[in-house]
Amino acid sequence: MLTGGCFCGAVRFEVAGEAFHSTVCHCADCRRVAGAPMVAWFSVKLADFRITAGVPKRFRSSAQVERRFCGECGTGLTYQHADLPEELDVATCSLDAPEAMPPQDHSWTSSQLPWVKLADGLAAFETVRFDEKRLLPDAGALNNCGEAGAGGQGAEG
Ligand SMILES: [Zn+2]
Ligand SMILES: [Zn+2]
């Protein structure tokens, strides 16, 4: 059982099932939302994720994407794409033990900051990772973080 929560402890969650994709996202939307050079995420089935304390706030970073965060301390917690309604991405560093959830690859390195130098030897994808389990639309129609159309920094992605 994975457990985690926000910095202040007002929001807590648990994950009953398996994580099936762990990545570091370099897209401009994740970067701006977190105020950080990159954000690590892992994916779970939505049905396996449960809030056990508090009520996170929600906002849309684009028409397709809803993100949840703690309204008290601001910790970013989850990402959900409308095209993947049964899937939820959880911010790896909101886990109590993020060291146990290492990334498998890097995503959206087409938007990577020039002063971020990767030396971990992991695969790096210009946009999203190819994965048959992910029912993503044509990657050519997407911009940052799989968000079709709006958001991000325009030409990127
Ligand atoms: Zn909090
Ligand atoms: Zn992203």
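**A walk through a strand-rich model**

The protein has 1 helix and 11 strands, where helices (H or I, at least four residues) and strands (E, at least two) are DSSP runs numbered from the N terminus. This is a predicted model, so local features need pLDDT of at least 70 and side-chain atom pairs count only at pLDDT 80 or more, while totals for chains, interfaces and linings use all residues. Residues are numbered from 1 along each chain as its sequence is written, and chains are lettered from A and ligands numbered from 1 in the order in which they are written.

Start at the N terminus and you'll meet the elements in the order β-β-β-α-β-β-β-β-β-β-β-β. Of the protein's 157 residues, 39% count as buried, meaning that 20 or more other C-beta atoms, placed from the backbone, lie within 10 Å of the residue's own (12 or fewer is exposed, in between is partly exposed).

Now for the inside. The largest nonpolar core (buried Ala, Val, Leu, Ile, Met, Phe, Trp, Tyr and Cys residues joined through C-beta atoms within 7 Å) has 25 residues, and those touching the most other members are Cys25, Val39, Trp41, Val44, Leu77 and Val90. Strand β4 gives the largest share, 5 residues. Leaving out residues up to four places away in sequence, Val44 touches Val15, Gly17, Ala19, Phe49, Leu88 and Val90; touching, or contact, means C-beta atoms placed from the backbone lie within 7 Å.

Next, look at Ser107 in strand β10 (residues 105-107). Why is Ser107 buried? Because Ser107 has 27 C-beta neighbours inside 10 Å. Beyond four places in sequence, its contacts include Cys25, Phe125 and Val128.

Note on methods
Contact = placed C-beta atoms within 7 Å.
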